[in-house]
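Colleague: Please take a close look at the nonpolar surface of this model, and then follow the description inwards from there. I would like one connected account, with the values given as you go.

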Amino acid sequence: MAAEPFARLADRQHALRTALRALQAAGPGSPDFPSLLADTGKEVEAVLQARHDVEAARLTIPNRAIAAGTAIAALVVVIGWFDGWSLLSVLLAVAVAAAVLVDPTGHGIWEPRARTAAIAAAGLAVLLTPLAHGWAALAVVAGVAWWAWRIR
Amino acid sequence: MKNIDPVKALDDKVERLKKDLKSLGDRIDNAQTDAAQNKLSTTNQIRDTTRKIAKTNDRVTELADSVHRLERLLVALNRKVRAGETRKADFDNWPEIGKPLIARILAGQEAYARRTFTPQEAKTRRKAISEYDRLAHEAIDAAEALTTLPPNAEALWRKKYKQWQAIAGKQRPEAPDEDEHAKDTAVKSAGNEAIAEARELIRTRIEDAVANDLLFPAWFENMLGPAAPPGKADDWLYTATDVVLYRLLHDVTSPANALGRAPQEQGHRRTLHDRLIVECADYRKP
């Protein structure tokens, strides 16, 4: 199961190499360069998609785990260090955790790792909340911003 | 002889004055009579004139009616003549002006419309091409790298993918043609010769049609009127030739509308179309 995305990535990389050979042989001045370029472009997209699948397979469980941990930590922090101002960061972190629990990897080509970063930031924010109170929300926001920038 | 009796002298004077008064009265009477007569004759004259004008009015109305009748008669006659055996001029089929000739004319017009590269533009264009080629090589190298990268080196993947995207979807600029200018000149002069040739043929046929009193096609008459306006035969023939040439060049086959639908885009065709519209409107004026 785990080998399958890897095999597909290797496959796609091989196909891309073949397309690149043809593109290099044609050279930029040749008349069929644009069509070859478009074909190679498709191959590149396919390789990146295959890599996304590999990343997704690798990061699904860690992302879910961090998200679950963040949710539990949030519960603990809310109960143990209850404070109206702290609710802000905790609730934001819980929202991010819920999104990552539902779909741990996303569809964008850079999204698996972006989600890891976002959920890690959310977890950190929850852990910081007893110290920083509502200000920890900035960490969540930074993580979400990073995520949004990566899938842009 | 002077009167010595003063009474008598006065009497005389009175007598004289009386006579003067009488003659004055007479003159006033005469003048009055004259004036009355004059007035009467003027009134009569005015009445006369009014009557005449009224009569003329009636005649004009009558004339207008008959002109209208004549017009209708002419239309009917025209229709009958067209339906009948009268020989018609054929300005729609031009076997002597073949496709190659038309193609040459169109190529010439295109050459005139094409803008040529200045040396500076050619230089910038060449620079852009070499820039594109450099980018293409970089992109190909980057894509090459993508085929060997391990899947978790995300920063490298992003970098190489970005390099690849710098080229994807971009067109290589068209290379400036070195002898484009010379080629264009040749095409232009060939087009000019072809136009002169076609014009000559068309003009000959129109002149023949005029000489033999042939019936013009409906679109021709709609556009250029029934005949050349007096004193402007040469200009009229020139315009007529251009109208026929326009139909030939741009494949207009409408039986009623000589120039077909007006072209939307700017260019040689639009200019010619507008010019012909203006000139022909001039010839149709009564």
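**From the surface patch to the core**

Modeller: In the nonpolar patch on the surface, the largest share comes from α3(A), which supplies three residues. Please keep in mind throughout that this is a predicted model. The patch is formed by Trp85(A), Leu88(A), Leu92(A), Trp135(A), Leu138(A) and Val141(A), and together these residues have about 620 Å² of accessible area. Two elements of chain A give two or more residues to the patch, namely α3 (84-102) and α5 (137-150). Leu138(A) sits in helix α5 of chain A, and Leu138(A) counts as exposed because its relative accessible area is 56%, where the cut-off for that word is over 50%.

The loop that leads into this second helix deserves a remark on its backbone. His133(A) lies between α4 (111-132) and α5 of chain A, and has a positive phi of about 55 degrees although it is not a glycine; at 32% relative accessibility, His133(A) is partly exposed. A comparable case for the backbone is found in chain B, where Asp251(B) has a positive phi of about 60 degrees, again without being a glycine. Asp251(B) belongs to the loop between α7 and α8 of chain B, and with a relative accessibility of 64% Asp251(B) counts as exposed.

From here we can turn to the contact between the chains. Chain A and chain B bury about 2300 Å² between them, and 63% of that area is on carbon and sulfur atoms. Three residues, Pro28(A), Leu37(A) and Trp110(A), supply 23% of the area that chain A buries against chain B, which is more than any other three residues supply. The contact draws on 28 residues of chain A and 21 residues of chain B. There is also a charged component, since four salt bridges are found across the interface of chain A and chain B. Arg51(A) and Glu154(B) meet in a salt bridge with an N to O distance of 3.0 Å, and both take part in a network of salt bridges that also links Glu55(A), Arg58(A), Arg113(A) and Arg150(A).

Next comes the interior. The largest nonpolar core has 35 residues, among which Phe91(B), Phe220(B), Leu224(B) and Val243(B) touch the most other members. Five helices of chain B each supply at least two residues of this core: α2 (99-113), α5 (180-211), α6 (218-224), α7 (233-249) and α8 (268-284). The most is given by α7(B), with nine residues. With neighbours within four places in sequence left aside, Val243(B) is in contact with Trp219(B), Met223(B), Leu224(B), Ala258(B), Leu259(B), Leu276(B) and Cys280(B). A second, separate core of 27 residues includes residues of both chains, among them Leu16(A), Val54(A), Tyr132(B) and Ala143(B).

The helix that gives the most to the largest core also holds charged residues. Asp242(B) is placed in helix α7 of chain B and is buried, because its relative accessibility is 2%, against a cut-off of under 20%. Leaving aside the neighbours within four places in sequence, Asp242(B) is in contact with Arg199(B), Arg275(B) and Leu276(B). Arg247(B) and Asp92(B) meet through their side chains in a salt bridge at 3.3 Å, N to O. This pair links distant parts of the chain, 155 residues apart, with Arg247(B) in helix α7 of chain B and Asp92(B) in the loop between α1 (6-83) and α2 of chain B. The two ends differ in cover, for Arg247(B) is buried at 5% relative accessible area, whereas Asp92(B) is partly exposed at 41%.

Arg203(B) has two partners to report. In the salt bridge of Asp234(B) and Arg203(B), the N to O distance is 2.7 Å, and the pair connects helix α7 with helix α5 of chain B, the residues being 31 apart in sequence. Arg203(B) also meets Glu207(B) in a salt bridge at 3.4 Å; these two are about one helical turn apart because they lie four residues from each other in helix α5 of chain B. Arg203(B) is partly exposed at 21%, and Glu207(B) is likewise partly exposed, at 35%. Over all chains, the count of salt bridges comes to 22.

Key:
Residues are numbered from 1 along each chain as its sequence is written. Chains are lettered from A and ligands numbered from 1 in the order in which they are written. This is a predicted model: local features need pLDDT of at least 70, side-chain atom pairs count only at pLDDT 80 or more; totals for chains, interfaces and linings use all residues. Side-chain values use heavy atoms; hydrogens and water are left out. A nonpolar core is a set of buried Ala, Val, Leu, Ile, Met, Phe, Trp, Tyr and Cys residues joined through side-chain atoms within 4.5 Å. Buried means under 20% relative accessible area, exposed over 50%, partly exposed in between (1.4 Å probe, protein chains only). Contact means heavy atoms within 4.5 Å. Patches are made of residues with over 30% relative accessible area and no salt bridge: like charges are joined within 9 Å, nonpolar side chains (Val, Leu, Ile, Met, Phe, Trp, Tyr) within 5 Å. Accessible areas come from the Shrake-Rupley method with a 1.4 Å probe; for residues, only the protein chains shown count as cover. Buried area is the accessible area (1.4 Å probe) that two parts lose on being put together, summed over both.
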